[in-house]
Amino acid sequence: KWVRSHQKNILDVNKRMSLKQAMILQNEWHIALIEYEVQQDLKKISTLPSYKKYTHLKPVDVLIDGVQFQLILNQYELKKEMQLLKHCVLTYHNKIKDKNYIVFALTDKNIGTERNTVNAYTMGCNVYENGDLVLDQVRGFCNSIAPSSIKLAVSEFLSQCYQGEINIHAR
């Protein structure tokens, strides 16, 4: 399906366009496609069985060093995360459903209480058969690298998980 728009799209690249212009156009087109797909899916999500939460996961909401960690519990939340941060976290849906992955929505409350593209991050962890979590990635808006303050909070969060202070029940 094509995004209907009066704006240029990736098909409008021509020989007179610089590489930088083409890359900007490609990024804009990619974002437009994601937004279109999410909007279409969000219209349908309330009637789909996938709206139900990942039944093997229990809510987790923890604040560490001003960073809030909230476990994503259903596909709808996963899609909202993708829409806000413009990245591909939704592609992990099947891994989450199969109990091999979990995703947390991180909010840096030191910057602001409402989640936005400046203070929001996504953390993904692989889950192994024995229940161990191994950090896969922490990404911000458009897959940007998280700052050191977020990485330190993530390290402390995982340390508390390993010590049993935070119980994820991911399996």
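In this predicted model, strands β2 (residues 67-71) and β3 (residues 101-108) run antiparallel to one another and are joined by five bridges. One residue pair helps to place the register: Q70 has A105 of β3 as its bridge partner.

This pairing belongs to a wider arrangement. The sheet is open and has five strands, in the order β1-β2-β3-β4-β5, paired in the antiparallel sense. The edges are taken by β1 (61-64) and β5 (133-139); each has a single partner strand, so one side of each is left without a neighbour in the sheet. On average, and with direction ignored, neighbouring strands are turned by 25 degrees against each other.

Two helices can be placed against these strands. Helix α2 (residues 75-85) lies across β2, β3, β4 (120-127) and β5, and runs at about 135 degrees to β4. Helix α4 (residues 148-162) also packs on the sheet, where it touches β1, β2, β3, β4 and β5. The direction of α4 makes about 160 degrees with that of β5.

For readers at the bench, the cysteines deserve a short look. A disulfide is a covalent bond between the sulfur atoms of two cysteines. With a cut-off of 2.5 Å between cysteine sulfur atoms, the count of disulfides comes to zero. As for solvent exposure, C88 counts as partly exposed because its relative accessibility is 40%, a value between the 20% and 50% limits of that class. C142 is likewise partly exposed, at 31% relative accessibility.

Note on methods. Residues numbered from 1 in each chain as written. Predicted model: local features only at pLDDT ≥ 70, side-chain atom pairs only at ≥ 80, totals over all residues. Heavy atoms only, no water. Buried < 20%, exposed > 50% of the residue type's maximum accessible area, 1.4 Å probe, protein only. Pairing = 2+ DSSP bridges. Helix = DSSP H or I, 4+ residues; strand = E, 2+ residues; numbered from the N terminus. Axes fitted to C-alpha atoms, helices over the stretch in contact; angles between N-to-C directions. Contact = heavy atoms within 4.5 Å.
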